[in-house]
Amino acid sequence: MKRLFLIAGMMTAFLLVVLAASAQNKANFAGTWNLDKAKSQGLSQGMMNAESVVWTITQDDKQITIDSKVTGGQQGGGPGGGGGRGGPMGPRSFNLDGKEVSTPGGGQMGGTNVTKATWSGATLELSSVRTGTFNGNEFKATTVEKLGLSGDGKVLTVNRHSESQRGPQDSTMVFNKQ
């Protein structure tokens with residue numbers, strides 16, 4: 001009987017260590033981030049021409065919200081434009097429970113937006129599928145962003161892959177924390 005309690009106690013301790021380690025692996029991306037165009041690659045024309053691109057991220061255990069502000073330059077229009085990503089489209093929110101969330105699209109395009117966030121260690125993958133109608137034509141735009149932090153938490157790297165009627169686009173955005 002003592003052996004059984006000892007084994008059960010050891011298993012419980014092991015599970016607690018694993019849970020604590022997995023909780024520590026989930027990065028907190030909260031803060032204000034400035035795009036470093038010199039270190040980024042594959043940026044849209046709107047981002048390249050912008051005076052500044054700033055992401056303000058809020059995050060808690062249940063949700064992450066990214067509010068993107070593009071100052072100056074030309075902000076891309078249309079579905080999946082990405083040029084002013086988050087500018088005219090407003091903040092993007094993702095639940096951190098791994099479940100898909102479907103919301104109605106706003107503005108002239110209407111449609112729906114399905115989002116999902118999943119963790120892979122300290123990397124957060126944010127996926128979005130937006131469908132609707134633009135200028136009388138049906139569209140589907142998908143975006144997958146993988147967010148990672150540097151060891152010191154001062155550099156945010158976002159690897160983005162998007163597909164729309166414009167074709168596939170890949171970019172790597174590097175942000176410095178304010």
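Me: Among contacts in the protein chain between residues at least 6 apart in sequence, what percentage join residues at least 24 apart?

Reply: The model is predicted, so that local features need pLDDT of at least 70 and side-chain atom pairs count only at pLDDT 80 or more, while totals for chains, interfaces and linings use all residues. Residues are numbered from 1 along each chain as its sequence is written, and side-chain values use heavy atoms, with hydrogens and water left out. With contact taken as heavy atoms within 4.5 Å, the share of these contacts that join residues at least 24 apart is 43%.

Me: In which element of the protein chain is confidence lowest?

Reply: The mean pLDDT (the predictor's confidence in each residue, from 0 to 100) is 83 for the protein chain, with 75% of the residues at 70 or more. Over residues 12-23 the pLDDT is below 50, and beyond near neighbours in sequence this stretch has zero contacts in the model. Residues 75-88 also stay under 50, although the model has 32 contacts beyond four places in sequence for them. Confidence is highest in β1, at 98, and lowest, at a mean of 47, in helix α1 (residues 2-25).

Me: Which strands stand at the edges of the open sheet?

Reply: The protein chain has two helices and 10 strands, where helices (H or I, at least four residues) and strands (E, at least two) are DSSP runs numbered from the N terminus. The open sheet has antiparallel pairing in the order β4-β3-β2-β1-β10-β9-β8-β7-β6-β5, two strands being paired if DSSP finds at least two bridges between them. One side of each edge strand is left without a neighbour because each has a single partner, and these strands are β4 (92-95) and β5 (101-104).

Me: Which residue stands opposite R160 in β10?

Reply: β9 forms a hairpin with β10, with two residues between them, and the two strands pair in the antiparallel sense over 10 bridges. R160 belongs to the covered face of β9, together with L156, V158, S162 and S164. Its opposite residue in β10 is S171.

Me: Which residues of the largest nonpolar core touch the most other members?

Reply: A nonpolar core is a set of buried Ala, Val, Leu, Ile, Met, Phe, Trp, Tyr and Cys residues joined through side-chain atoms within 4.5 Å; buried means under 20% relative accessible area, exposed over 50% and partly exposed in between (1.4 Å probe, protein chains only). The largest such core has 23 residues, and those that touch the most other members are W55, L156 and F175. The elements that give two or more residues to this core are β1, β2 (52-59), β3 (63-71), β7 (123-134), β9 (155-164) and β10. The residues asked for are therefore W55, L156 and F175.

Me: What is the relative accessible area of T123?

Reply: T123 lies in strand β7 and, leaving aside its neighbours within four places in sequence, is in contact with T118, K146 and L147. T123 counts as partly exposed because its relative accessible area is 32%.

Me: Which side chain does a polar contact of 3.0 Å join to that of N113?

Reply: N113 lies in strand β6 (residues 112-120), and its contacts beyond four places in sequence include V101, T103 and R130. A polar contact is a pair of N or O atoms within 3.5 Å; within protein, one must be able to donate a hydrogen and the other to accept it, and residues adjacent in sequence count only if both atoms are side-chain atoms. At 3.0 Å, the partner of the N113 side chain is that of S128.
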